[in-house]
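Me: I have a structure to go through with you, one question at a time. Could you take me through the reasoning behind each answer?

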Amino acid sequence: MRHAGSAFTRSESRVLGCWTAGQVPAEAVLHQHRSNTIILLVSPHRHAVSDATSPDLANLTQVDRAVSLLKRNMVKSLPIVDLSLASSPDTKPEFLRQLKDAFFKIGFLYLVNHGVEEKANKLLELSPGLFEVPQEEKDKIDMIKNPHFTGYTRLGVERTQKKLDLREQYDFGSATTTTYKKGDPEWKQIHGPTAYLPDNVYPGYQAAVQEYLDAMSDLSDRMLRLTAESLGLSPDEFDDFKGDMNRLKIIKYPPPPKDGSALQTSQGVGAHKDSSGMFTYIAQDKVGGLQVLDSEGDWIDAVPIENSFVVNIAQGFEALTSGRCQATTHRVVAPSDVTRYSIAYFQGIRLSLTLDEIRKEQDIINEKLPDLPEDLRRRERATASEFLDPRYSCFGEAHLRNRVISHRDVSEVWYPELNKKYVAELEKWTYQI
Ligand SMILES: O=C(O)CCC(=O)C(=O)O
Ligand SMILES: [Fe+2]
């Protein structure tokens with residue numbers, strides 16, 4: 001058997017996709033070497049784990065046939081990227097290559113050795129108890145009680161693509177005060193503090209949430225700089241776009257009730273792209289259910305990997321990179337008979353960002369990354385999202401529209417005029433909410 005590392009260079013190969021062969025996530029790589037075509041499975045660390053088939057294939061039809069055979073026998077999986085490789089000058093180039101590959105090709109990856117394992121596990125352990133406190137305590141910090149879209153959301157309130165999501169959740173923000181003053185544009189009220197359950201009701205979780213938010217802010221800032229580097233840009237290329245309120249959601253996905261109630265659905269959360277920030281980091285328990293839509297229309301299971309984050313691009317970063325790095329559609333299938341818990345961290349983007357600023361950044365990106373290889377050029381340049389809608393003075397205004405529609409009970413209380421206006425025109429809009 002010939003090994004990827006020794007017999008071939010990467011330039012002779014075409015990556016066909018990522019699958020799981022047994023327990024080992026691997027890429028299938030098509031190597032064309034003189035007249036021979038060989039398909040190998042290559043692990044994320046680039047050594048050949050098996051030579052799936054070694055046909056001497058003369059034409060593309062045969063190659064396609066071999067590839068479809070390969071696909072049928074394997075399950076696709078997301079790439080795994082090891083952040084510890086970024087710490088040494090010897091391995092950093094390999095890390096940046098893996099990061100770029102993952103973000104251009106699929107928009108999702110597992111991040112391992114990221115340094116936040118302990119804090120993530122602690123918060124995951126605290127999560128079930130957070131939902132077991134008496135309902136009246138949860139209701140005291142219902143999202144409806146503040147204009148910042150933070151707080152508790154009951155089961156059966158949220159919808160995606162007009163269908164019920166079977167999840168209960170707490171939303172937190174990193175901001176501790178609001179800068180909004182009377183007379184300011186309304187979108188400034190999005191930024192503001194979170195109400196927590198009192199410590200005597202659920203001791204320890206507020207400190208754990210705040211520590212987690214701090215650690216995730218450091219990690220996601222570092223990753224943003226590494227992502228810029230992976231694209232061949234200056235590490236600080238995206239710094240000016242960072243928001244000053246990152247968000248966190250602790251989510252409970254119960255199995256559908258078996259009592260014939262209205263909550264009969266397998267939709268934990270419906271298919272969507274993350275709309276509000278730059279990147280999302282998901283810590284999940286062992287249950288599974290998160291799925292990612294790939295370019296071939298297949299749903300890939302983001303199978304839980306202990307101590308990892310599932311990281312994905314949100315529409316803010318997609319807009320900044322002119323659609324080159326895609327915000328990939330994903331969903332959660334409700335568990336069938338156990339409860340799933342997950343923690344989603346949303347790295348914010350600046351609410352005051354204007355369309356002009358985004359366009360300027362897109363010009364820079366288009367100029368600096370003019371000739372991407374075809375297999376990396378996955379997206380249309382024009383990406384329909386609330387970031388690029390000229391009707392809004394800035395992202396904050398567009399984002400407030402999204403919040404008003406998604407949380408109508410909150411907006412009826414805090415943004416009644418906008419609620420009337422946006423809900424009335426909803427039928428004419430095409431955006432996903
Ligand atoms: O719970 C998960 O694994 C994903 C949640 C998610 O996609 C979201 O809240 O945007
Ligand atoms: Fe999401």
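Me: Thanks for joining me. Which residues coordinate the iron ion (ligand 2)?
Reply: Happy to help, and please keep in mind that this is a predicted model. The donors of the iron ion (ligand 2) follow the spacing H-x1-D-x55-H along the chain. Coordination is at 2.1 Å, through NE2 of a histidine, OD of an aspartate and NE2 of another histidine. The residues are His272, Asp274 and His330.

Me: Is Asp274 buried or exposed, and what is its relative accessible area?
Reply: Buried means under 20% relative accessible area. His272 counts as buried because its relative accessibility is 15%. Asp274 is buried too, and its relative accessible area is 8%.

Me: Now to the other ligand. Which residues come nearest to ligand 1?
Reply: The shell around ligand 1 draws at least two residues each from S12, strand S18 (330-333) and S19. There are 13 residues around the ligand. Those that come nearest are Tyr253, His272, His330, Arg340 and Ser342.

Me: How much of the area of ligand 1 does the protein bury?
Reply: Let's begin with the polar side chains. An oxygen atom of ligand 1 has a polar side-chain atom of Tyr253 at 2.6 Å, and one of His330 lies 3.0 Å from an oxygen atom of the ligand. For Arg340, a side-chain N or O atom is 2.9 Å from an oxygen atom of ligand 1. Taken alone the ligand exposes 300 Å², and the share that the protein buries is 97%.

Me: S12 has come up already. How many of the residues of strand S12 (residues 247-253) are buried?
Reply: Arg247, Lys249, Ile251 and Tyr253 point one way from S12, and all are buried. Leu248, Ile250 and Lys252 point the other way, and they are buried as well. The strand is therefore largely enclosed by the rest of the structure, with a buried count of seven of the seven.

Me: Which residue stands opposite Arg247 in S19?
Reply: S12 has pairing partners to consider here. With strand S11 (residues 168-173) it pairs in the antiparallel sense over six bridges, and Phe172 stands opposite Leu248 in S12. Seven bridges join S12 to strand S19 (residues 340-348), and these two run antiparallel. In S19, the residue opposite Arg247 is Phe346.

Me: What is the bridge partner of Gln267 in S18?
Reply: Gln267 starts us off in strand S13 (residues 267-272), where five of the six residues are buried, so the strand is largely enclosed by the rest of the structure. S13 pairs with S18 in the antiparallel sense over three bridges. In S18, the partner of Gln267 is Val333.

Me: Which side chain makes a polar contact with the side chain of Ser275?
Reply: We can look for this one in helix H9 (residues 395-406), where Asn402 lies. Asn402 counts as buried because its relative accessibility is 3%. The contact to Ser275 is at 3.2 Å, and the side chain that makes it is that of Asn402.

Me: How far apart are the end C-alpha atoms of helix H3 (residues 92-105)?
Reply: The buried residues in H3 include Phe95, Leu96, Leu99 and Phe103. After the helix comes Gly107, whose phi is positive, near 80°. The helix has 14 residues and, at 1.5 Å a residue, should span 20 Å; this agrees with the end C-alpha atoms, which are apart by 20 Å.

Me: How far apart in space are Ser84 and Phe95, C-alpha to C-alpha?
Reply: Ser84 sits in the loop between strand S6 (80-82) and H3. At 36% relative accessibility it counts as partly exposed, whereas Phe95 in H3 is buried. They are eleven residues apart in sequence, and their C-alpha distance is 8.6 Å.

Me: One last point, on backbone angles. What is the phi of Ser322?
Reply: Phe149 makes a good companion case: it is not a glycine, yet has a positive phi of about 60°. Phe149 lies in the loop between helix H5 (135-140) and strand S8 (151-153), and is buried with a relative accessible area of 1%. Ser322 is in the loop between helix H7 (315-320) and S18, and counts as buried at 4% relative accessibility. Although Ser322 is not a glycine, its phi is positive, at about 60°.

Conventions
Residues are numbered from 1 along each chain as its sequence is written. Chains are lettered from A and ligands numbered from 1 in the order in which they are written. This is a predicted model: local features need pLDDT of at least 70, side-chain atom pairs count only at pLDDT 80 or more; totals for chains, interfaces and linings use all residues. Side-chain values use heavy atoms; hydrogens and water are left out. Donors are N, O and S atoms within 2.8 Å of the metal (3.2 Å for Na, K and Ca); water is not among the atoms, so sites may look incomplete. Buried means under 20% relative accessible area, exposed over 50%, partly exposed in between (1.4 Å probe, protein chains only). Helices (H or I, at least four residues) and strands (E, at least two) are DSSP runs, numbered from the N terminus. The expected span of a helix is 1.5 Å times one less than its number of residues. Two strands pair if DSSP finds at least two bridges between them. A residue is near a molecule or strand if one of its heavy atoms lies within 4 Å of it. A polar contact is a pair of N or O atoms within 3.5 Å; within protein, one must be able to donate a hydrogen and the other to accept it, and residues adjacent in sequence count only if both atoms are side-chain atoms. Accessible areas come from the Shrake-Rupley method with a 1.4 Å probe; for residues, only the protein chains shown count as cover.
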